Amino acid sequence: PPLICLVDSSMDGLHVHLDGDYQRMANMDKNDHPIWRKIGKPGLWRDTYMFLDVNTSAFGDDDAWRWIITTNYDTYDATTILAECDVGGTHIDDPALCDTNWIV
């Protein structure tokens, strides 16, 4: 889809920085899948990106293929990952199918 909308449904709103519309980036992909971007709010939070992360060094590991939300799609590590999709180890082809399965 060209647009994915996430909503922080927690009672405390601690993850409001993940709320909003993620727009598919034209002609940009990672691991043969699109990258979506949510524009940040100056002084509040940075731009965030949603994309498929594939750990090519982990053979036979179900966790090696996951959708993540991070502040940088080019160079990222555990400190920049804000959320990851976990649908019971199922590999899904579209992050819109993560629904309420985002782990922060």
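**Entry 1: the pocket**

I began with what counts as a pocket: on a 1 Å grid over the protein atoms alone, a pocket is an open set of points where a 1.4 Å probe fits, with protein on both sides within 12 Å along at least five of seven lines, whereas a cavity is a set from which the probe cannot get out. Lining residues have an atom within 4 Å of a point. Grid points are joined across faces, edges and corners, and a volume is the space filled by probe spheres set on the points.

With that settled, I looked up the largest pocket and found a volume of about 360 Å³. Of its 18 lining residues, the closest to the centre are Leu6, Val7, Asp8, Asp99 and Trp102. Strand 1 gives the largest share of the lining, three residues.

A note to self on the source: this is a predicted model, where local features need pLDDT of at least 70 and side-chain atom pairs count only at pLDDT 80 or more, while totals for chains, interfaces and linings use all residues. Residues are numbered from 1 along each chain as its sequence is written, and side-chain values use heavy atoms, with hydrogens and water left out.

**Entry 2: the sheet**

Next I wanted the strand order. My terms here are DSSP runs, numbered from the N terminus: strands are E with at least two residues, and helices are H or I with at least four. Two strands pair if DSSP finds at least two bridges between them.

I read off seven strands in an open sheet, ordered 1-2-3-4-5-6-7, with antiparallel pairing. Strand 1 (3-6) and strand 7 (102-103) are at the edges with a single partner strand each, so one side of each has no neighbour in the sheet.

I then followed the ladder through the middle. Strand 3 and strand 4 run antiparallel and are joined by three bridges, with tryptophan 36 opposite methionine 50 in strand 4. Strand 4 and strand 5 (residues 65-70) are paired over six bridges, again antiparallel. On that side, methionine 50 stands opposite isoleucine 69 in strand 5. At the far end, strand 6 (residues 81-85) pairs with strand 7 over two bridges, in the antiparallel sense.

**Entry 3: strand 4 and aspartate 53**

How enclosed is strand 4? I use buried for under 20% relative accessible area, exposed for over 50% and partly exposed in between (1.4 Å probe, protein chains only). Six of the seven residues of strand 4 are buried, so the rest of the structure largely encloses this strand.

Aspartate 53 caught my eye, as it sits in strand 4 (residues 48-54) and is buried at 8% relative accessible area. Its side chain makes a polar contact of 2.4 Å with that of tyrosine 76. For the record, a polar contact is a pair of N or O atoms within 3.5 Å; within protein, one must be able to donate a hydrogen and the other to accept it, and residues adjacent in sequence count only if both atoms are side-chain atoms. Leaving out residues up to four places away in sequence, aspartate 53 touches Asn31, Ala64, Trp65, Arg66, Ile68 and Tyr76, where contact means heavy atoms within 4.5 Å.

**Entry 4: two positive phi values**

Asn31 led me to the loop between strand 2 (20-30) and strand 3 (33-38), where asparagine 31 is found. Most residues other than glycine have a negative phi. Asparagine 31, not a glycine, has a positive phi of about 55°, and it is partly exposed at 33% relative accessibility. Aspartate 32 is in the loop between strand 2 and strand 3 too, with a positive phi near 60°; aspartate 32 is exposed at 75%.

**Entry 5: cysteines**

Which cysteines are joined by a disulfide? Taking a disulfide as a pair of cysteine sulfur atoms within 2.5 Å, I found one in the whole structure. Cysteine 85 is joined to cysteine 98, S to S 2.1 Å. Cysteine 85 lies in strand 6 and cysteine 98 in the loop between strand 6 and strand 7, so the pair ties together parts 13 residues apart in sequence. The S-S torsion is about -110°, so this disulfide is left-handed. Both cysteine 85 and cysteine 98 are buried. Cysteine 85 also has a bridge partner in strand 7, tryptophan 102.

I checked cysteine 5 as well: the closest cysteine sulfur, in cysteine 98, is 14 Å from its own, too far for a bond. Cysteine 5 is exposed, at 52% relative accessibility.
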